[in-house]
Amino acid sequence: MRLVVFSCVGLLLLIAVDLSLAQWPAGVDAWKLQEPGSSQSKQLMQAPMAPLTWHFPVIPEEPQQPDVPFEQCEPIAPQCVAAQCGENFVHVEVKKDFFGTGQLVNPSFLTLGGCAAVGENPEAEVLIFEYELQTCDHSLVMTDDELVYTFNLLYTPAALVGTPIVRADAAAVGIECHYSRLYNVSSNILLPAWVPFAATKVAEEVLVFSLRLMTGNMYLRQFLKLEASVKQYNHVPLCVFVDGCVATAAPDVNTPSPRYPFIENHGCLVDAKLTGSTSSFMHRVQNDKLQFQLEAFRFQRDDRGLVYITCALKAVMASTPTCPENKACSFINGYICFAPFSFVCMCCDTTCGLGRKGQALSDSGNLNQRTTLVT
């Protein structure tokens with residue numbers, strides 16, 4: 001190796017270079033090893049490395065609040081309305097504190113189906129409503145067992161004076177009156193005004209009559225089947241008759257209008273003659289029972305759907321022969337009856353018996369029984 005000495009510093013540097021070159025194998029260019037892309041650098045880059053790991057940042061959880069016991073309270077409706085159903089009326093009392101908030105409502109905002117209060121208890125702060133069942137925009141539902149009258153107690157607030165706003169909601173409370181419907185007379189058992197057989201001991205007992213509806217709800221173009229009967233008890237065999245029947249739109253049989261007498265003149269069923277229907281007495285099976293059918297109808301301009309039928313019933317001994325006063329005549333191209341003596345029906349167009357034709361039921365004091373049936 002040829003050495004050229006330029007200076008002391010240069011010599012030392014050259015020796016250092018020679019010593020470093022002696023450590024590498026022959027034929028290796030020392031200058032290439034100093035380049036950044038040398039094989040040693042590549043070997044160092046290819047050494048095993050730990051895999052990189054990365055996760056989404058974890059949001060710190062907020063500390064949970066301790067459980068607080070909570071019980072939901074159901075609102076309690078204030079006892080602000082009381083109702084009482086009478087025989088033919090409904091009585092309702094309403095607190096002026098209608099909503100139970102301590103604030104009194106305007107009485108003019110409360111109505112019973114459009115009917116205003118009839119009175120007020122100022123000390124108790126209570127409004128009073130009392131009306132007949134068939135008034136105050138009522139509704140009537142007839143079931144197999146009951147008549148149900150329904151009313152609505154309405155609260156309809158008006159706008160505040162001088163403004164178009166209200167500060168309360170409208171409200172309605174339903175009120176129902178239920179009445180049993182057992183297809184029998186609507187009143188209690190009426191006792192006859194006379195004892196038919198005073199000469200015998202058995203005649204000391206009174207007679208018990210009934211008028212019963214044999215069908216359910218009444219529909220037009222169908223037939224109502226009714227049965228008049230008398231209890232035998234210890235009496236001699238009896239035979240029952242229907243002296244007269246009148247239909248009215250009100251419970252009072254003396255109602256002037258509308259009223260429709262369909263049996264009169266001591267047992268003449270005149271409906272078939274007047275209207276052309278097939279209403280008639282049925283063939284008698286038992287002496288103590290008499291059935292007849294009446295074609296259903298309603299009164300014009302009356303949408304209540306109620307018809308009150310009042311009949312005068314009487315009983316005679318079964319051995320009593322048929323006569324103009326004791327008969328059951330139907331109109332079929334003329335008045336006839338099932339008895340062998342149909343001539344007794346010939347008087348239906350005139351006057352039968354000693355009484356006047358079409359005797360009013362209200363004047364039937366000499367008859368045994370007057371019964372009223374609601375259909």
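**Strand pairing and nonpolar cores**

At 12% relative accessibility, serine 280 counts as buried, because the cut-off for burial is under 20%. The model described here is predicted. Serine 280 belongs to strand 14, which spans residues 280-281. When neighbours within four places in sequence are set aside, the contacts of serine 280 are Leu269, Phe292, Gln293 and Ser330.

Strand 14 is part of an open sheet of four strands, arranged in the order 9-10-15-14 with antiparallel pairing. Strand 9 (209-213) and strand 14 each have a single partner strand and stand at the edges, so one side of each is left without a neighbour in the sheet. Strand 9 is joined to strand 10 (residues 223-230) by five bridges, and the two run antiparallel. Within this pair, arginine 212 has glutamate 227 of strand 10 as its bridge partner.

Strand 11 covers residues 238-248, and eleven of its eleven residues are buried. Two pairings of this strand are described here. With strand 16 (residues 308-317), strand 11 forms ten bridges in the antiparallel sense; cysteine 239 is bridged to valine 316 of strand 16. With strand 12 (residues 259-264), strand 11 pairs over four bridges, also antiparallel. Here the bridge partner of alanine 247 is tyrosine 260 in strand 12.

In soluble globular proteins, nonpolar side chains tend to be buried together. The largest nonpolar core in the model comprises 30 residues, and Val242, Ala247, Phe262, Ile263, Phe292 and Ile309 have the most contacts inside it. Two or more residues of this core come from each of strands 9, 10, 11, 12, 15 (289-295) and 16. Strand 11 supplies the largest share, five residues.

Phenylalanine 292, one of the core residues with the most contacts, also touches serine 280. With neighbours within four places in sequence left out, the contacts of phenylalanine 292 further include Leu224, Lys225 and Leu226, as well as Val242 and Cys245. Phe262, Ile263 and Leu269 are likewise in contact with phenylalanine 292, as are Phe281 and Met282. Leu269 thus appears among the contacts of serine 280 and among those of phenylalanine 292. Another core, of 24 residues, lies apart from the largest one, and its members include Val92, Tyr149, Ile175 and Tyr308.

Notes. Residues are numbered from 1 along each chain as its sequence is written. This is a predicted model: local features need pLDDT of at least 70, side-chain atom pairs count only at pLDDT 80 or more; totals for chains, interfaces and linings use all residues. Side-chain values use heavy atoms; hydrogens and water are left out. Buried means under 20% relative accessible area, exposed over 50%, partly exposed in between (1.4 Å probe, protein chains only). Two strands pair if DSSP finds at least two bridges between them. Contact means heavy atoms within 4.5 Å. A nonpolar core is a set of buried Ala, Val, Leu, Ile, Met, Phe, Trp, Tyr and Cys residues joined through side-chain atoms within 4.5 Å.
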